[in-house]
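Here's a walk through the backbone oddities, the enclosed spaces and the ligand site of one protein. Have a look at the structure first, then read on.

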Amino acid sequence: MDAGRLRKAPENFLDRQGIAEVAAQALGGRRDFIRGAFAAAAAGMALPAVRAQAVAPADGDPNILNLTDHAKGLGQPVAVGYGKPSKYEANVQRRQSPGLTQTTQASVSFAPLQSLFGIVTPSGLHFERHHQGWWDIDPSKHRFMVNGLVKKPRVFTMDELMRLPSVSRFHFIECGANTGMEWGNVAVPTAQYTHGMLSCSEFTGVPLITILEQCGVDLGKGRFVLAEGGDGSSMTRTIPMDLIRSGEVMVAYGQNGEMLRPENGYPLRLVVPGVQGVSWVKYLRRVEVGDKPYAAKDETIHYVDLMPDGKHRQYTSIQECKSVVTTPSGGQVLLDKGFYNVTGLAWSGRGKVKRVDVSVDGGRNWRTARLEGPVMSKCLTRFSIDWVWDGKPAIIQSRATDETGHVQPSYRQLRAVRGTRSIYHNNAIQSWLVEENGEVKNVQVG
Ligand SMILES: Nc1nc2c(c(=O)[nH]1)N[C@H]1C(S)=C(S)[C@@H](COP(=O)(O)O)O[C@H]1N2
Ligand SMILES: [Mo]
């Protein structure tokens with residue numbers, strides 16, 4: 001690997017050779033960056049022995065002294081067709097979690113949060129959760145039906161839907177099971193696996209209320225809507241009419257400026273801002289207006305929370321205020337003490353993030369982080385704070401507060417209310433331990 005590959009950036013995963021090369025570079029004086037070391041850490045291996053490598057001192061760096069080939073020759077012709085990332089970014093991938101059963105028919109892949117900047121998830125890195133596999137559905141044959149408590153039940157083609165007035169908005173989507181393994185203190189190694197069932201896109205579509213009004217919806221009796229997917233999972237979820245009347249719920253065909261990806265519901269999905277991912281029904285083929293919740297399987301058996309008193313909590317749809325530091329985060333390695341830009345993501349299903357505090361001593365002291373604007377409702381918000389690492393062990397945490405005043409709880413506070421038997425809806429504070437050798441580990445702090 002040449003020094004041109006090295007950059008000050010939150011990094012993804014390196015293979016063993018990559019780690020050795022980064023370590024060798026570091027010995028050459030370029031020690032102020034972070035590289036991921038998950039491949040070695042996850043396999044329980046020690047970092048490979050560093051090959052001593054002759055690296056020129058900074059003022060004699062051949063990469064700045066010599067004229068490069070790309071400065072002398074003719075570059076590639078225009079890249080017509082659909083563009084791809086640089087080959088040097090090949091480690092930035094969605095992955096199955098080492099904490100879950102590996103299947104060939106993978107049911108969930110996680111987004112590499114530790115490698116992303118800003119708030120938007122590139123469409124090719126959006127997490128996936130399929131209950132019955134994904135499909136690439138012919139949009140000319142896809143139909144969307146509206147029935148139930150409406151005067152004029154109707155079936156729409158995609159062309160008809162795309163003629164209606166549209167809106168585009170940025171929103172996060174988080175699976176209710178995100179961070180679920182942490183309930184059992186299963187320390188999956190990276191932010192990709194702890195928090196990667198989370199993505200954020202600009203979605204384009206038609207507000208569902210516009211479509212329902214065209215069909216003559218009875219807003220007196222019609223207090224709930226059942227949304228149904230066209231895949232074999234029989235994915236059906238109840239959406240309260242109050243959410244739909246707010247205009248936020250969208251029948252979406254666009255994602256980040258292009259059509260939805262097949263994995264994410266092409267050609268049509270429901271966007272339910274602030275609500276857990278399961279309600280964002282993909283391959284949307286029908287909505288039915290009704291007068292009570294539908295008690296579908298994915299809201300009575302699944303996505304319920306077993307409380308300490310032995311009762312199940314149902315219809316707990318809103319994703320509460322939450323945050324995670326993505327750099328430094330598990331699997332990354334700080335190669336030297338000194339300055340770091342601690343950065344991460346915060347979000348709330350109830351509105352805007354108001355404030356994020358960061359601790360580097362396991363929650364004893366907190367400092368308020370910078371929020372990058374624009375801060376949007378039910379959308380990821382990027383935060384950053386300066387940190388000078390003294391080379392001693394440190395525990396890094398972030399704690400978000402939303403505009404309703406909800407403060408992200410510690411594990412102790414969350415368990416006091418929710419007990420220990422949940423799978424879903426964990427919004428506790430995440431802790432990353434920075435060890436003296438710079439390795440960053442997933443730990444739980446009470
Ligand atoms: N039709 C259909 N819709 C679905 C699902 C599904 O399996 N089928 N999975 C749900 C779940 S549990 C989640 S978390 C989100 C995931 O959306 P994504 O795959 O675009 O990330 O879609 C939801 N909508
Ligand atoms: Mo989900």
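P267 sits in the loop between β11 (258-259) and β12 (269-271). This is a predicted model, and in it a cis peptide bond joins Y266 and P267, with omega at about 5°. That's worth a second glance, because most peptide bonds are trans.

There's another cis bond further along the chain: the one from G373 to P374, with omega near -5°. P374 also belongs to a loop, namely the one between β21 (370-371) and β22 (381-389).

Then there's Y283, which isn't a glycine but still has a positive phi, near 50°. Its spot is the loop between β12 and β13 (284-290). For context, most residues other than glycine have a negative phi.

Now for the empty space inside. Rolling a probe the size of a water molecule over the atoms shows where room is left. How many cavities of 30 Å³ or more does the count come to? The answer is 3. The largest of them holds about 260 Å³ of space, and that's the space ligand 1 takes up.

What lines this largest cavity? The lining has 21 residues, and R129, H131, R269, G277 and K282 are the ones nearest the centre. Sorted by class, that lining splits into 9 nonpolar, 7 polar and 5 charged residues.

The second largest cavity comes in at about 40 Å³. Its lining is made of L113, L116, F117, G118, I119, V120, T121, L345, L380 and R382. By class that gives 7 nonpolar, 2 polar and 1 charged.

Back to the ligand. Around ligand 1 there are 22 residues, with F127, H131, D231, N264 and K282 the closest. H131 and K282 are also among the residues nearest the centre of the largest cavity. The shell around ligand 1 breaks down into 9 nonpolar, 7 polar and 6 charged residues.

Here are some polar contacts, each to an oxygen atom of ligand 1:

| Residue | Polar atom from | Distance to a ligand 1 oxygen |
|---|---|---|
| H126 | side chain | 3.3 Å |
| R129 | backbone | 2.9 Å |
| R269 | side chain | 2.8 Å |

So how much of ligand 1 does the protein bury? Taken alone, ligand 1 exposes 530 Å², and the protein buries 100% of that.

A couple of names link these parts of the picture. R269 puts a polar side-chain atom 2.8 Å from a ligand oxygen and is one of the residues nearest the centre of the largest cavity. R129 is on that list too, but its contact with the ligand comes from a polar backbone atom, at 2.9 Å.

Definitions and conventions
Residues are numbered from 1 along each chain as its sequence is written. Chains are lettered from A and ligands numbered from 1 in the order in which they are written. This is a predicted model: local features need pLDDT of at least 70, side-chain atom pairs count only at pLDDT 80 or more; totals for chains, interfaces and linings use all residues. Side-chain values use heavy atoms; hydrogens and water are left out. A residue is near a molecule or strand if one of its heavy atoms lies within 4 Å of it. A polar contact is a pair of N or O atoms within 3.5 Å; within protein, one must be able to donate a hydrogen and the other to accept it, and residues adjacent in sequence count only if both atoms are side-chain atoms. Accessible areas come from the Shrake-Rupley method with a 1.4 Å probe; for residues, only the protein chains shown count as cover. On a 1 Å grid over the protein atoms alone, a cavity is a set of points where a 1.4 Å probe fits but cannot get out, and a pocket is an open set with protein on both sides within 12 Å along at least five of seven lines; lining residues have an atom within 4 Å of a point. A molecule sits in a cavity or pocket if more than half of its atoms lie within 2 Å of its grid points. Ala, Val, Leu, Ile, Met, Phe, Trp, Tyr, Cys and Pro count as nonpolar, Asp, Glu, Lys and Arg as charged, and the others, Gly among them, as polar. Grid points are joined across faces, edges and corners, and a volume is the space filled by probe spheres set on the points. Helices (H or I, at least four residues) and strands (E, at least two) are DSSP runs, numbered from the N terminus.
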